[in-house]
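Hi everyone, thanks for coming. Let me put the structure up so we can walk through it together.

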Amino acid sequence: MTEEAASGRRLPPVAWIAAPDTVRLFSAFESAGASARFVGGCVRDALLGREASDLDMATDAEPDRVIEILEAAGIRAVPTGLEHGTVTALPDHRPFQVTTLRRDVETDGRRAVVAFTRDWAEDAARRDFTINAFSADRDGNVFDYVGGLPDLDAGRVRFIGDGGERIREDYLRILRFFRFQATYGNTQPDPEAVAACRAGAAGIAGLSGERLWQEFARILEVPDPSPIVS
């Protein structure tokens, strides 16, 4: 590891990182000269010893190139969200969401226009919470560009950078903050985050009922949602 963000932390042994599907995917990208890592929730949950429900990957290859790489390796590729850089890879046993590294060009509180990048730090900085921006390579080495590991160890949920700015990019992050607090928080809610959520609350009215319900339903699935919904 040569990047400054290499944390020195490694994932504990998890079955999915050494699974044949994972090996096929990493080998396909590496053979094509592209970089790929696991990102987001599966890395966070592995660090906490929790089971990962979704395996998301990021790569510095652009979407059309991702499809070429996968098909050349005999892996089915489904273009599930090309405008946002997402391709679903279907090897033998489970699907993987593979998304090209990106940066936000324009946001309106509901959706973003993105541009692709090869900069892992830039991609991490556009995410919502510090504990949601980890990446990990095929050897389990964890990269942390935004100071998420101390927050994860403390059970602290914080927005990356300015919370108000993160919320204005997507007002659904208000509900996400409270879901993450209920799921991962071991401290009192971060006061700056709560203030940002309160200041941006009116923006929720511009979101679709479908998006709101999907997020609220996930809040109801946490072990004890009562402190959040009461």
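I'll talk about a cavity, then a helix, then a single residue.

A word on the source: this is a predicted model, where local features need pLDDT of at least 70, side-chain atom pairs count only at pLDDT 80 or more, and totals for chains, interfaces and linings use all residues. Residues are numbered from 1 along each chain as its sequence is written, and side-chain values use heavy atoms, with hydrogens and water left out.

So, what lines the largest cavity? Val39, Trp120, Asp123, Ala124, Arg127, Ala133, Phe134, Ser135 and Tyr145 do (lining residues have an atom within 4 Å of a cavity point, on a 1 Å grid where a 1.4 Å probe fits but cannot get out). Its volume is about 40 Å³, taken as the space filled by probe spheres set on the points, which are joined across faces, edges and corners. Helix α4, residues 120-125, gives the most to this lining, with three residues; helices here are DSSP runs of H or I, at least four residues, and strands are runs of E, at least two, numbered from the N terminus.

Next, helix α7, residues 173-184. Nine of its twelve residues are buried, meaning under 20% relative accessible area with a 1.4 Å probe, protein chains only. Among them are Ile174, Leu175, Phe177 and Phe180. The buried residues pack against α2, α6, α8 and α9.

Finally, Thr86 sits in strand β5, residues 86-90. Thr86 is buried too, with a relative accessible area of 13%. Beyond its neighbours within four places in sequence, Thr86 is in contact (heavy atoms within 4.5 Å) with Pro79, Thr80, Gly81, Gln97, Val98 and Thr99.

Terms used
On a 1 Å grid over the protein atoms alone, a cavity is a set of points where a 1.4 Å probe fits but cannot get out, and a pocket is an open set with protein on both sides within 12 Å along at least five of seven lines; lining residues have an atom within 4 Å of a point. Buried means under 20% relative accessible area, exposed over 50%, partly exposed in between (1.4 Å probe, protein chains only).
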